[in-house]
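Subject: Structure for you to look at

Hello,

Please find the structure below, with its sequence. My notes on it follow.

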Amino acid sequence: MKPLLLLLLLPLHMLAQDKKLDKAATTNAQAFVNALNPEQKAIALFPFAEAHRFSWHYVPPTGSPRTGMAVKDMDSQQKALFYALLQSFLSPAGYQRTQNIMSFEYVLKEMEPNSKSRIPENYFVSIYGHPHKDSVWGWKFTGHHLALNFTMVNGQLAFTPFFFGSNPGEIKEGPKKGMRIIVEEEDLAFELVNSLTEAQRKTALFRTEPFADIVTANAPHATAPEMAGILLKDLANDQQQLVNKILVAYLASMPSRVAHTRMNRLATENKDEIRFAWAGGLEKGQPHYYRIQGKTFVVEFDNSQNNANHIHEVWRDFFGDYGEDLLKEHLRRDHQH
């Protein structure tokens, strides 16, 4: 069976080799660290081996407290340095998406003025290890509907798990009416599921009702969900290309070099090991869920809450979350030497 030709669908700007990622990332991280006072460093900096490096959530911090330093507690210079750090770990589209997710706290604050959990800039950064001195270090940025986990190992970046959410999925009224943060991952999936033949749907649609949320939740180490849905080899060529486009849409938030590397890895997976599975309604406005799952990864998308206007999506690597595959190779080489 031929491997997926995912690279053919990468936008040209994502094919560029961003060789400055490692240097910029380290420089911006250290600049941010240097701008913190001793009390702030005690809150934001941790040893790389700290156990809560594997802890993340996507509910408001009032419901699940976070480690690290909140953006709302930074001064203007620190904020500027932090956002420069964030930009060096995301593509321009990914950085804009992150900004939009944070800005939706203002939307929710207007919708729920009495809610104590709608606190703009209540997003937290934790840094693990020493960016300037260590070849292995990491950091995370978490808050409501946002969980980004980055691990640097000898200049290589691992970016999973990463989670994005949006409530509302689409703003229904007011000056921002019609605004959507997460678009392609949903629209392309609807296009795909509605292109299936009756025979294909019998396999792809594995539940009449969607799950209440993503199945892997916020587990520190993702357990592969049960294999369900239709194999890519049983899809037509145009349908397979839609699956590819969906995966590209998820990776579009990452820097070009990182996205390119991850697509190279995906391209080695066999069609016999990747499935597309759908649950719930087939039309926008109906609660729905889907996942694309292979031997090494799963992406999940859920829009079942708030009358199907509340989106959660996540990418998990079964062997590479938090850079575990890179760290094992790093330790193996050190052991040899």
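Strands S11 and S12 form a hairpin, with 3 residues between them. This is a predicted model, so please read everything here in that light.

The two strands of the hairpin, S11 (residues 288-293) and S12 (residues 297-303), run antiparallel and are joined by 6 bridges. One pair to look up is Ile292 of S11 and Val299 of S12, which are bridge partners.

S11 also pairs with strand S10 (residues 275-280), again in the antiparallel sense and over 6 bridges. Here Ala279 has Tyr289 of S11 as its bridge partner.

Is S11 buried or exposed? The strand is mostly covered, with 6 of its 6 residues buried. In a regular strand, side chains alternate between the two faces of the sheet. Both faces of S11 are covered: one side has His288, Tyr290 and Ile292, the other has Tyr289, Arg291 and Gln293, and all of these are buried.

Next, a pair of helices. H6 (residues 184-193) packs against H8 (residues 237-251) at an angle of about 170°, and their axes are 9 Å apart. An angle over 145 degrees counts as roughly antiparallel, so H6 is roughly antiparallel to H8. On the H6 side, the contact is made by Glu184, Glu185, Leu188, Ala189, Glu191 and Leu192. H8 contributes Gln239, Leu242, Val243, Lys245, Ile246, Ala249 and Tyr250. Sorted by type, the residues of this contact are 8 nonpolar, 1 polar and 4 charged.

Regards

Methods
Residues are numbered from 1 along each chain as its sequence is written. This is a predicted model: local features need pLDDT of at least 70, side-chain atom pairs count only at pLDDT 80 or more; totals for chains, interfaces and linings use all residues. Side-chain values use heavy atoms; hydrogens and water are left out. Buried means under 20% relative accessible area, exposed over 50%, partly exposed in between (1.4 Å probe, protein chains only). Helices (H or I, at least four residues) and strands (E, at least two) are DSSP runs, numbered from the N terminus. Two strands pair if DSSP finds at least two bridges between them. Axes are lines fitted to C-alpha atoms, for helices over the stretch in contact, and angles run from 0 to 180 degrees between N-to-C directions. Angles under 35 degrees count as roughly parallel, over 145 as roughly antiparallel, 65 to 115 as roughly perpendicular and the rest as oblique. Contact means heavy atoms within 4.5 Å. Ala, Val, Leu, Ile, Met, Phe, Trp, Tyr, Cys and Pro count as nonpolar, Asp, Glu, Lys and Arg as charged, and the others, Gly among them, as polar.
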